Amino acid sequence: MNRCINEYRIQCKSCSAEISVSVLVPERYGPPRRQKAIERHSLNELLVDYGWLPTSKGYYCRRHAARARATFLTSAGSA
């Protein structure tokens with residue numbers, strides 16, 4: 001099976017912290033939309049392993065993850 005390595009450099013939405021990660025995904029793993037979803041899921045799992053918080057609005061570093069999580073929980077509770 002062919003594999004593809006994609007490099008990502010992610011920046012925190014609250015500061016200038018950056019993290020670089022490599023995601024290994026199988027090439028031609030179903031339709032392109034499914035492959036992108038698998039790749040995005042793998043990226044998010046890696047970021048969580050390093051203490052980052054991936055959200056639909058962006059990514060937060062370790063320092064800002066707790067505050068961002070509290071903000072999202074508070075805004076979800078008021079909806």
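**A friendly note on this fold**

1. Start with the order of the pieces: from the N terminus on, the elements of the protein chain run β-β-α-β-β-α. That gives 2 helices and 4 strands in the protein chain. Please keep in mind as you look that this is a predicted model.

2. Now take the chain as a whole. The protein chain has 79 residues, and 28% of them count as buried. Its accessible surface comes to about 5800 Å², with 50% of that belonging to carbon and sulfur atoms.

3. How do distant parts of the sequence meet? Consider the contacts in the protein chain between residues at least 6 apart in sequence: 37% of these join residues at least 24 apart.

4. Helix 1 is a good place to practise a check. This helix covers residues 32-49, which is 18 residues, and at 1.5 Å a residue it should span 26 Å; the C-alpha atoms at its ends are 26 Å apart, so the two values agree.

5. Which residues of helix 1 are buried? They are Gln35, Glu39, Leu43 and Leu47. Seen down the axis of helix 1, the buried residues fall within an arc of 110°, so they line one face of the helix. The general reason is worth remembering: an α-helix has 3.6 residues a turn, so residues three or four places apart point the same way.

6. Turn helix 1 around in your viewer. The face directed away from its buried side carries Arg33 and Asp49, which are exposed.

7. Finally, look at what follows the helix. Gly51, just after helix 1, takes a positive phi of about 90°.

Methods: Residues numbered from 1 in each chain as written. Predicted model: local features only at pLDDT ≥ 70, side-chain atom pairs only at ≥ 80, totals over all residues. Heavy atoms only, no water. Buried < 20%, exposed > 50% of the residue type's maximum accessible area, 1.4 Å probe, protein only. Contact = heavy atoms within 4.5 Å. Areas by Shrake-Rupley, 256 points an atom, 1.4 Å probe, with all protein chains shown as cover. Expected span 1.5 Å × (residues − 1). Arc of directions from axis to C-beta.
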